[in-house]
Amino acid sequence: MKKMLALACSLGLAASLITGCGSKTEVVSATTAAQSSAEAAKTEAPAAGSDTMIALITMDSIDQHWVTLNEGAQKAAKELGVTVQFMAPNTKDDAQQIECVNNAVSAGAKAIIVAANGPDAISSALKEAQSSGVKIVYVDSPANVDAEATFSTDNKAAGKTAGGEMLKALKDAGVTSGSIGIINVNAATDSCVMREEGFRSAFEGSGFTLLETQYGEGDAAKSQSIAENYITQGVVGIFGCNEGSTTGAGNAIKASGKDGIIGVGFDKSDAILGLIDDGYLLCTMAQNPDVMGYKGVEACVKALEGESLGGTVTDTGVSVLKK
């Protein structure tokens with residue numbers, strides 16, 4: 001009887017040990033599964049939604065170029081279910097643009113689409129934004145900070161096209177020499193600097209003299225004064241590197257009453273198209289700012305959802321608009 005009782009106890013102990021190991025194995029498995037799920041949650045980026053705010057910061061909020069860019073961005077925002085807040089300064093000013101970046105971060109922007117007024121001034125603010133986890137995408141003109149992607153015109157090629165159009169018009173008019181004035185925004189804005197380089201390259205080896213560049217900060221009134229001064233020097237052509245520069249050049253040619261000055265510029269606005277129709281400007285290089293804005297928002301959403309865009313640069317194209 002004692003032997004049988006001892007055997008029963010042994011069997012019971014063995015059974016309890018087996019049950020205990022099984023319970024321990026189940027706990028370990030559950031813990032491992034929970035850890036795996038947690039790690040997966042960390043690596044999986046959340047989908048962008050209506051509560052995702054993307055800031056759009058351009059050089060200013062006035063030029064039709066930027067207004068159209070914002071329209072493209074808002075269209076993409078509506079289609080993709082995110083919010084885009086246009087936070088551009090009212091004038092081209094580095095300090096104001098930096099303030100816009102800081103305000104965007106404070107407002108909880110998950111991404112910033114920016115057209116940098118200059119490549120360096122805004123860089124520190126953008127780096128600070130990136131350190132807070134904000135994604136950066138460039139449109140029109142980049143800064144010297146790596147970004148997810150850039151959408152802009154091939155400005156050097158477009159500038160060379162503008163120069164070619166002026167050169168052909170001058171030769172068709174029998175003009176083979178003379179001075180040409182150039183009105184730029186400033187010496188720092190990358191897009192406009194590239195346009196000027198391309199324009200100048202079109203005249204290499206020709207009999208024309210390209211005068212020292214004058215800067216009007218993209219302001220039509222300032223640019224008109226510069227163009228009027230060029231006209232008093234007897235120029236045969238004037239090139240405007242952006243919307244305000246081009247409008248100013250066209251208005252100066254109109255006010256001068258002289259028919260022989262060839263005006264060529266950049267960007268599209270009602271004022272510029274009117275000056276072309278009236279014969280005071282030959283043509284303008286029309287960019288596609290709506291495409292820049294749309295693609296910029298698309299890129300932000302992809303980046304926020306974890307897709308690597310590799311810092312790619314996309315040429316959004318340009319068209320020559322004439323009478």
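**Exercise 1. Classify how helices H3 and H4 are oriented to each other, and describe their contact.**

Solution. H3 and H4 are roughly parallel to each other. The model is a predicted one, and the classification is reached as follows.

Step 1. Two packed helices are described by the angle between their axes and the distance between the axes.

Step 2. For H3 (residues 94-106) and H4 (residues 123-131), the angle is about 10° and the axes are 9 Å apart.

Step 3. Angles under 35 degrees count as roughly parallel, which is therefore the class of this helix pair.

Step 4. On the H3 side the contact is formed by Ile-98, Val-101, Asn-102 and Val-105, and on the H4 side by Ala-125, Leu-126 and Ala-129. By type, these residues divide into six nonpolar, one polar and no charged.

**Exercise 2. State the strand order of the open six-stranded sheet, and find which strands stand at its edges.**

Solution.

Step 1. The order is S2-S1-S3-S4-S5-S12, and the pairing is parallel.

Step 2. S2 (83-86) and S12 (312-315) each have a single partner strand, so one side of each lacks a neighbour in the sheet; these two are the edge strands.

Step 3. Ignoring direction, neighbouring strands are turned by 20° against each other on average.

Step 4. At the S2 edge, four bridges join S2 to S1 (residues 53-57), and the two strands run parallel. Within this pair, Ile-54 stands opposite Val-84 of S2.

**Exercise 3. Determine which strands are touched by helix H2 and which strands H4 lies across.**

Solution.

Step 1. H2 (residues 64-80) packs on the sheet and touches S1, S2 and S4 (135-139). The direction of H2 makes about 165° with that of S2.

Step 2. H4 lies across S3 (111-114) and S4, and runs at about 140° to S4.

**Exercise 4. Is strand S1 mostly covered or uncovered, and which residues lie on each of its faces?**

Solution.

Step 1. Five of the five residues of S1 are buried, so the strand is mostly covered.

Step 2. In a regular strand the side chains alternate between the two faces of the sheet.

Step 3. In S1, one side carries Met-53, Ala-55 and Ile-57, and the other carries Ile-54 and Leu-56; all are buried, and both faces are covered.

**Exercise 5. Describe the largest nonpolar core and the elements that supply it.**

Solution.

Step 1. This core has 25 residues, and Ile-54, Val-84, Ile-113, Val-139 and Val-297 are those with the most contacts inside it.

Step 2. At least two residues each come from S1, H2, S3, S4, S5 (149-152) and H10 (289-304). H10 gives the most, with seven residues.

Step 3. Ile-113 touches residues distant in sequence by over four places, including Ile-54, Leu-56, Val-139, Val-297 and Cys-300.

Step 4. Another core, of 23 residues, lies apart from this one; among its residues are Ala-162, Ala-169, Ile-180 and Ile-182.

**Exercise 6. Is Pro-119 buried or exposed, and which residues does Pro-119 touch?**

Solution.

Step 1. Pro-119 is found in the loop between S3 and H4.

Step 2. The relative accessible area of Pro-119 is 17%. Buried means under 20%, so Pro-119 is buried.

Step 3. Leaving out residues up to four places away in sequence, Pro-119 touches Pro-142, Ala-143, Asn-144 and Ala-188.

Step 4. Asp-190 is 71 residues from Pro-119 along the chain, and their C-alpha atoms are separated by 6.6 Å.

Note on methods. Residues are numbered from 1 along each chain as its sequence is written. This is a predicted model: local features need pLDDT of at least 70, side-chain atom pairs count only at pLDDT 80 or more; totals for chains, interfaces and linings use all residues. Side-chain values use heavy atoms; hydrogens and water are left out. Axes are lines fitted to C-alpha atoms, for helices over the stretch in contact, and angles run from 0 to 180 degrees between N-to-C directions. Angles under 35 degrees count as roughly parallel, over 145 as roughly antiparallel, 65 to 115 as roughly perpendicular and the rest as oblique. Contact means heavy atoms within 4.5 Å. Ala, Val, Leu, Ile, Met, Phe, Trp, Tyr, Cys and Pro count as nonpolar, Asp, Glu, Lys and Arg as charged, and the others, Gly among them, as polar. Two strands pair if DSSP finds at least two bridges between them. A nonpolar core is a set of buried Ala, Val, Leu, Ile, Met, Phe, Trp, Tyr and Cys residues joined through side-chain atoms within 4.5 Å. Buried means under 20% relative accessible area, exposed over 50%, partly exposed in between (1.4 Å probe, protein chains only).
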